[in-house]
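Biologist: I'm used to gels and assays, not coordinates. Could you walk me through how to read a model like this one?

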Amino acid sequence: MTLKIDGGRRQQLIDRIQAFFREEFDDDLSRFRAEQVLDFVAAAVGPQIYNQAVQDARKFMQQRLDDIDGEVREPEGL
């Protein structure tokens, strides 16, 4: 599974990676190096994070559906 990051979001992430390396490691990362870091992280952990998010959303929705079942009652007097 390959994560596709749109252009605007990708540029924001590259900027954040460059800022992180500058602040934490006093290292000015070139755009190319920052892109390489982003591509590596996206490939290495992106699918696991995505799958966890889908599982969390599924669990959340299932809990809401279970709540709906508990709310449905037969009308009184029938």
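Modeller: Sure, and keep in mind that this is a predicted model. Let's start with the rings: ring pairs link F20, F21 and F25 into a cluster.

Biologist: How many aromatic pairs does the structure hold?

Modeller: There are 3 aromatic pairs in the structure. To label a pair, look at the angle between the ring planes: over 60 degrees counts as edge-to-face. For F20 and F21, the planes sit at 80° with the ring centres 5.9 Å apart, so that pair is edge-to-face. F20 and F25 are edge-to-face too, because their planes are at 85°, with centres 5.6 Å apart.

Biologist: And are F20 and F25 buried or exposed?

Modeller: Here you read relative accessibility: buried is under 20%, exposed is over 50%, and partly exposed is in between. F20 comes out at 43%, so F20 is partly exposed. F25 has 51%, so F25 counts as exposed.

Biologist: What does the secondary structure of the protein come to?

Modeller: It's 2 helices and 0 strands. As for burial, 15% of the 78 residues are buried. The protein exposes about 6800 Å², and carbon and sulfur atoms supply 54% of that area.

Biologist: Which residues make up the largest nonpolar core?

Modeller: The general idea first: in soluble globular proteins, nonpolar side chains tend to be buried together. In this model, the largest nonpolar core has 6 residues: I14, I17, F21, L29, A34 and L38. The elements giving two or more residues to this core are α1 and α2, the latter spanning 31-71. Helix α1 provides the largest share, 3 residues.

Biologist: Can we zoom in on one core member? What does A34 touch, not counting residues up to four places away in sequence?

Modeller: With those sequence neighbours left out, A34 touches I14, I17, Q18 and L29. I14, I17 and L29 are also listed in the core with A34.

Biologist: Now something with a charge: where is R10 found?

Modeller: R10 is in helix α1, which covers residues 7-25. Its relative accessibility is 23%, so R10 counts as partly exposed. Leaving out residues up to four places away in sequence, R10 touches I5, E35, L38 and D39. Take D39: R10 and D39 are 29 residues apart along the chain, yet their C-alpha atoms are separated by 9.9 Å.

Biologist: What share of contacts in the protein between residues at least 6 apart in sequence join residues at least 24 apart?

Modeller: For the whole protein, that share is 37%.

Note on methods: Residues are numbered from 1 along each chain as its sequence is written. This is a predicted model: local features need pLDDT of at least 70, side-chain atom pairs count only at pLDDT 80 or more; totals for chains, interfaces and linings use all residues. Side-chain values use heavy atoms; hydrogens and water are left out. Helices (H or I, at least four residues) and strands (E, at least two) are DSSP runs, numbered from the N terminus. Buried means under 20% relative accessible area, exposed over 50%, partly exposed in between (1.4 Å probe, protein chains only). Contact means heavy atoms within 4.5 Å. Rings of Phe, Tyr and Trp (its six-membered ring) pair if their centres lie within 6.5 Å; planes under 30 degrees apart count as stacked, over 60 as edge-to-face and the rest as tilted. Accessible areas come from the Shrake-Rupley method with a 1.4 Å probe; for residues, only the protein chains shown count as cover. A nonpolar core is a set of buried Ala, Val, Leu, Ile, Met, Phe, Trp, Tyr and Cys residues joined through side-chain atoms within 4.5 Å.
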